[in-house]
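Subject: Structure handover and notes

Hello,

Here is the structure we spoke about, with my notes after it. Please read the notes with the model open.

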Amino acid sequence: MQNPLLTTFDEAPFSKIKNEHFKPAFLQGIEDARAEIDAIAENSDAPTFDNTIEALEFSGQQLDRISSVFFNLNSAETNEEIQKIAQEISPLLSEFGNDITLNEGLFKRVKAVYDQKDSLDLTVEQNTLLDKKYKSFSRNGANLSDDKKKRLREIDAKLAKLKLTFGENVLAETNKYQLHLTDEADLDGLPEGEKEAAAQMAISKGKEDGWMITLDYPSYIPFMKYAKNRELRKKLSLAFGSKGFHNDKLDNQENVLEIAKLRFERANLLGYKTHANFVLEERMAETPEKVHSFLNELLEKAKPAAEREFKQLEDFAKKLDGIDRLEKWDSSYYSEKLKQELFNLDDEKLKPYFKLENVINGVFKVAENLFDLNFEEVTDVEKYHDEVKTYRVYDNDKNFISLFYADFHPRAGKRGGAWMTSFKSQWKRNGENVRPHISNVCNFTPSTKSKPSLLTFNEVTTLFHEFGHGLHGMLANTTYPSLSGTSVFWDFVELPSQVLENWCYEKEALELFAKHYETGETIPMELVEKIKESATFQEGMQTLRQLSFGLLDMSWHGIEPTGITNVKAHEDEAFKDTSLYPETPETCMSTAFSHIFQGGYSSGYYSYKWAEVLDADAFAYFKEKGIFNKEVATKFKDNVLSQGGTENPMVLYKRFRGAEPKVEALLERAGLLQS
Ligand SMILES: [Zn+2]
């Protein structure tokens, strides 16, 4: 029988795919893609946009399809065998990727086209594609002399090793620490479920009795939130805050300094002023100066609210327990108590209004009202698990727009969290507009024998969020697959998802679907108001915290770090305008800031707030004209959702909104403007 992954398929043929098909399909796919690349590099005709850039763009399509089927399954329906194949295949795929960016013959042709781009009369999208392809080589050193190339490879190898060590140290520090409690009074305040978990943890760590608290989030967070014992909270908080900062063999201070300096040297080598300049070249924010002024503008405007909230919390702690000076380890404990006093809102009150099927119909209805999309559930599409639902999506003229898979509940083979992905992207070729296959995967509360699946409000906003990413994929209307749908600059990708969450708080939208699963009663507005208010609880302090991380990130990457010798002193300087709690000399954030020193967020932490500013500003436009206003929705579809990464996102955004995003809408939504 022929390997189904090597046939030309449209909808993924899940029923025919067996695990043993993957490896041979990958090997064949890589070989075919390599032959296509070689043919482009060795073409004896003069390089043109068509025979080089476009040919490169459309090479390896079979390999892409095989990869998306495989890696989507590895996330949503995996098993040991699939994981083993992933271990074997991943190095081969990254080696193939490197072979392309290091292919000198290929780069010569790409550069030849790039150098004459002004005389080629390209469309905007073609220009963007050319730029992107060229930079995928130049940003990896293709233009450098041989000795500089050699230095670049050395730096990359060193950085890879340092990042690995950094992460291993943080992990070892996290795993090393154990707080073993034998007096039940020390757990006062913790809910029963948390106590049980702590008792189980003690047993699993080889203790015969008692309770164990660790620095893992599921153990650490509840203890800081509920434990009455202030001394123990302090002990735990200091342990958490001093990871990689003990001057021992797991210390990360030298690693931090070395990573920052090597990143700076790498950026210089490639012709950029700092690492942040290098990273931000491919971001909507563009330059470190712009990120700085963005963070500082928000800081200036959010700080008065943060200080008010801090005072409120301090007064509350003083009244409740006679606390004179609020410390870091008091923060979540008193915040949780204050929140309960102010809102008394629990999930059980809301869940009956959010039956999963109602919420799905609600989000479809929102998409119909805004973008004329109609979702038809179908049973003739193959799926990878019985629980997956499949839909064909049409516009009002019955044109096929997209295939949509929805996979909502947890299973043994599914990783945690919620995400959007695609089994096939969208593109246009030879006069045909090839439509995408989009998927949402979540881990929502399943139904039981007596109750349907009832979502928490957090799950409702998650569903809208992932569906927003989904719309970005479904409505894609571009020529090139690598510029299609969610293939946009990193600080722009959360706009469609986050903006859609706003509809969950609006009466007009909730009336469409938030109905009690037994009585059919629409959710009472006072509950909705409470949800809104509690959503902005301590927003000023939260904002300050996010800004402090963004500023710390930029302090390491937006300057020349050569002169920095003391990690803690440098960090204190970066935090000086954002700290509310008294400083603790025992702790250091940088030595465990894995996001920026191990993961891919360096010079990118600001983008959390950036995306919020974008979505609040965009939604303010809807609010102004009506949340189902067709004119605004159409502008959003035509200028943002359908355009993918074909143009600079700021240009796309301004075309939709008429102006650059302003921070005011976020400040207002977050309740930070009132005096
Ligand atoms: Zn998202």
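The notes below go from domains to the sheet, then to a helix pair and single residues.

This is a predicted model, in which local features need pLDDT of at least 70 and side-chain atom pairs count only at pLDDT 80 or more, while totals for chains, interfaces and linings use all residues. Residues are numbered from 1 along each chain as its sequence is written, and side-chain values use heavy atoms, with hydrogens and water left out.

Domains

The protein is divided into domain 1 (4–143), domain 2 (177–242) and domain 3 (352–522 + 608–670); the bounds come from an automatic or database domain assignment. Taken over C-alpha atoms, the centres of domain 1 and domain 3 are separated by 28 Å. Their contact takes 28 residues from domain 1 and 33 residues from domain 3, where contact means heavy atoms within 4.5 Å.

The sheet

Helices (H or I, at least four residues) and strands (E, at least two) are DSSP runs, numbered from the N terminus. Two strands pair if DSSP finds at least two bridges between them. On that basis 5 strands form an open sheet with mixed pairing, in the order β3-β4-β5-β9-β6. The edge strands are β3 (374–377) and β6 (419–424), each pairing on one side only. On average, neighbouring strands of this sheet are turned by 30 degrees against each other, direction ignored. Axes here are lines fitted to C-alpha atoms, for helices over the stretch in contact, and angles run from 0 to 180 degrees between N-to-C directions.

At one edge, β3 pairs with β4 (residues 389–394) in the antiparallel sense over 4 bridges. Glutamate 376 has arginine 392 of β4 as its bridge partner. At the other edge, β6 and β9 are antiparallel over 5 bridges, and the bridge partner of threonine 421 is serine 439 in β9. Is edge strand β6 enclosed or not? Of its 6 residues, 5 are buried, so β6 is largely enclosed by the rest of the structure; buried means under 20% relative accessible area, exposed over 50%, and partly exposed in between (1.4 Å probe, protein chains only).

Two helices lie against this sheet. Helix α16 (residues 356–371) lies across β3, β4 and β5 (400–407), running at about 140 degrees to β3. Helix α17 (residues 457–474) touches β3, β4, β5, β6 and β9 (437–441), and its direction makes about 175 degrees with that of β9.

Histidine 469 lies in helix α17 and is buried, with a relative accessible area of 8%. Not counting residues up to four places away in sequence, histidine 469 touches Met420, Thr486, Val493, Glu494 and Ser497. Glutamine 498, in helix α18 (residues 495–501), is also buried, at 17%. Its contacts, leaving aside neighbours within four places in sequence, are His465, Ala611, Glu612 and Asp615.

A helix pair

Helix α2 (residues 49–57) and helix α5 (residues 104–115) pack at an angle of about 115 degrees, with their axes 9 Å apart. Phe49, Asn51, Thr52, Ile53 and Leu56 of α2 meet Leu106, Arg109, Val110 and Val113 of α5.

Residues in loops

Histidine 385 sits in the loop between β3 and β4 and is partly exposed, with a relative accessible area of 23%. Histidine 385 touches Glu77 and Arg411, not counting residues up to four places away in sequence. Its C-alpha is 17 Å from that of tryptophan 419, which is 34 residues away in sequence.

The loop between α12 (275–280) and α13 (288–321) holds glutamate 281, which is partly exposed at 28% relative accessible area. Leaving aside neighbours within four places in sequence, glutamate 281 is in contact with Lys135, Arg139, Tyr272, Glu286 and Phe489. The C-alpha atoms of glutamate 281 and phenylalanine 489 are separated by 9.9 Å, with their positions 208 residues apart along the chain.

Glutamate 286 lies in the loop between α12 and α13 and is partly exposed at 39%. Although glutamate 286 is not a glycine, its phi is positive, at about 70 degrees. Asparagine 344, in the loop between α14 (331–343) and α15 (347–350), also has a positive phi, near 45 degrees. Most residues other than glycine have a negative phi.

Regards
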